[in-house]
Amino acid sequence: MIARIFALARAEMLILRRNWWLMMATGIMMLFALALTFAGSAPTGTLGVDMLTISVSSMTTLAVYLAPLLALMMSFDAIAGERDRGTLSLLLTYPAGRGEILMGKFLAQVTALGIATALGLGSAGIVAALYGGASPESLIALSRLIATATLLGAVFVALGYGLSALAKSPAAAAGLAAGLWLVFVVLFDLGLLGAVVMDGGGIFTQKIFPWVMVANPADAFRVWNIAASEGVALASGMGGAAKTLPNWAAPVSLLLWPLLAFVSARAVFRRVEP
Amino acid sequence: MMDNALIIRSADKFRGKTQVLTDVDLVVAPGERVALLGHNGAGKSTLIKMILGLTSIDGGDISIDGAKPGSNVARARTAFLPESVNFHPTLTGREQLTLFARLAGGDRPDIDALLDRVGLSEATNNRIATYSKGMRQRLGLAQVLLGQPKVALLDEPTSGLDPISRQDLYAIINELAAHGTAVLIASHALTEVEAQTDRIAILRKGIKVADDTLANLSHNAGLPTRMRILVQAGQADQIAKATGGERINGASVELYCDANQKMQELRRIAAMGDVVADIELTPPRLEDLYRHYSKEGQT
Ligand SMILES: Nc1ncnc2c1ncn2[C@@H]1O[C@H](COP(=O)(O)OP(=O)(O)O)[C@@H](O)[C@H]1O
Ligand SMILES: [Mg+2]
């Protein structure tokens with residue numbers, strides 16, 4: 001079983017490398033991270049934190065959008081594309097189970113995303129550190145950012161498999177992926193914001209809102225990075241909601257999501273007839 | 001019965017409310033080559049997908065060397081060549097075959113020898129995107145040869161192949177059968193499979209209407225032999241009247257007779273003398289046979 005998963009992962013990795021996906025994703029990450037790091041470098045002095053901390057804080061906001069986007073761009077085609085090309089039926093007649101097929105792709109794509117994130121955000125972080133100073137604390141914050149951004153990506157890779165299995169065609173899968181991204185990354189927060197404004201500081205805002213927020217993996221990612229580092233919280237100016245939650249809430253949410261998403265994607269894939 | 005590699009017993013399949021397979025029985029012994037014939041939409045691919053466990057069986061049962069369709073054991077023992085086979089365009093032939101070999105497990109096969117066997121040795125390191133349809137078909141065949149399948153299912157294997165490749169294809173099918181693999185070949189063209197198979201099963205609208213050797217099928221169909229009599233100019237009408245045949249043009253007459261009355265008929269026509277210049281005999285063609293068994297109203 002392990003051998004089959006690795007064989008699938010290896011082939012998938014080869015494809016990601018060969019079709020320039022890995023290069024492009026790394027390039028996009030790096031470009032945006034560098035741009036944000038320098039655009040956001042002005043207020044360093046006033047907050048009394050080093051530049052890497054500021055950079056990590058801006059990159060956290062960036063990664064909330066970019067990691068799910070890149071993950072979905074990679075994964076939406078995984079099943080719909082194979083079915084469309086007619087390669088799925090032959091693959092499914094081999095002794096690899098559907099869970100193994102999904103796991104092989106997952107390993108390769110999450111690894112690719114991890115590499116792109118580490119290189120992209122890491123290099124921007126190093127530039128920031130060289131330019132404006134770093135501390136052991138801010139270096140840890142950078143490592144945490146890279147690890148959690150990869151975890152966030154893993155959630156959306158698995159969610160992408162689920163909708164790829166649901167969709168009738170690659171085009172439909174792409175549409176679903178765009179919708180999913182919009183809901184998790186943009187609309188969810190807008191909705192919460194609206195609810196908080198309507199509530200006007202009542203029970204919902206104090207007790208329920210933080211939990212609903214952290215249930216969204218994108219927000220859990222943000223909360224984890226902000227709550228874990230005082231400097232980052234300061235720089236981002238949004239430690240408020242994070243403070244009312246226990247420390248474990250965001251990590252538990254972000255660690256559970258990939259698992260749940262993968263299990264449900266496998267369940268949907270099981271019902272697919274090639 | 002137990003020594004059959006593939007046993008299909010009264011298999012039914014529904015697509016929505018329409019029944020696409022009805023009560024299909026079919027067995028294939030180890031080393032046997034069986035052709036599954038039928039027009040487009042007869043249900044050949046559906047039956048193959050049921051054997052592979054890719055689609056559900058709505059009635060009856062299927063056993064692959066004793067295992068259930070789609071089980072790990074069954075998947076390890078079957079080889080499949082899909083209708084218009086395709087692969088990931090970004091991988092090379094060798095990479096794709098290596099992946100399949102690893103998925104199949106067992107001994108590491110000699111990938112280069114396999115690619116050579118199907119005539120792809122020149123293109124092993126080229127991306128599949130650059131392959132022609134025929135080359136993809138060959139790569140598909142190479143993956144059929146991985147491992148030692150007990151059952152090989154080939155869906156329209158000749159489509160997209162030129163005549164020379166067809167010879168190669170049949171050489172490979174015969175090799176598989178010689179090693180004890182039960183081979184089921186789905187096709188809509190009888191001429192493709194006639195001489196190369198031990199038995200022919202014909203599906204018509206999801207119902208098996210025939211299942212026998214080619215010789216027996218021809219005999220049972222009782223199709224007439226066609227005679228074309230070439231006559232001297234201007235004599236066609238007269239001969240047509242005398243033989244009970246049909247005038248085709250001024251110089252030829254056509255008539256049909258049963259196989260067992262052929263000699264009697266020939267003698268009668270020969271006795272007509274110099275008016276008859278020549279006689280051409282055409283035994284029932286395979287296409288006629290196929291048409292006979294797949295005709296409406298026949299069961
Ligand atoms: N995935 C499917 N969904 C619905 N109907 C299908 C599907 N696949 C095949 N059919 C129908 O089942 C019948 C048999 O098709 P098929 O097995 O492909 O025939 P053949 O391979 O003999 O040409 C056809 O009427 C076809 O339209
Ligand atoms: Mg077919």
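Five bridges join strand 8 (residues 199-204) of chain B to strand 9 of chain B, and the two run antiparallel. Helices (H or I, at least four residues) and strands (E, at least two) are DSSP runs, numbered from the N terminus. The model is predicted: local features need pLDDT of at least 70, side-chain atom pairs count only at pLDDT 80 or more, and totals for chains, interfaces and linings use all residues. Residues are numbered from 1 along each chain as its sequence is written, while chains are lettered from A and ligands numbered from 1 in the order in which they are written.

**Sheet of chain B**

- Arg204(B) stands opposite Ile207(B) in strand 9 of chain B.
- Strands 8 and 9 belong to an open sheet of six strands in chain B, with the order 5-6-7-3-8-9 and mixed pairing; two strands pair if DSSP finds at least two bridges between them.
- Strand 5 (78-81) and strand 9 (207-212) of chain B are the edge strands, each pairing on one side only.
- On average, neighbouring strands of this sheet are turned by 15 degrees against each other, direction ignored.

**Helices on the sheet**

- Helix 1 of chain B packs on the sheet and touches strand 3 (33-37), strand 5, strand 6 (151-155), strand 7 (182-187) and strand 8 of chain B. Its direction makes about 150 degrees with that of strand 6 of chain B; axes are lines fitted to C-alpha atoms, for helices over the stretch in contact, and angles run from 0 to 180 degrees between N-to-C directions.
- Helix 6 (residues 163-178) of chain B also packs on the sheet, touching strand 3, strand 6 and strand 7 of chain B, and its direction makes about 150 degrees with that of strand 7 of chain B.

**Ligand 1**

- The residues around ligand 1 include Arg15(B), Val20(B), Gly38(B), Lys44(B), Ser45(B) and Thr46(B); a residue is near a molecule if its C-beta atom, placed from the backbone, lies within 6 Å of it.
- Helix 1 (residues 44-52) of chain B gives the most to this shell, with three residues.

**Contact between chains A and B**

- The contact takes 20 residues from chain A and 23 residues from chain B, where two residues are in contact if their C-beta atoms, placed from the backbone, lie within 7 Å.
- Helix 1 (2-18) and helix 6 (88-92) of chain A each supply at least two residues of the side of chain A that touches chain B.
- Helix 1 of chain A gives the most to that side, with seven residues.

**Chain B overall**

- Chain B has eleven helices and 13 strands.
- Its C-alpha atoms fill a box of roughly 75 × 45 × 35 Å, taken along the principal axes.
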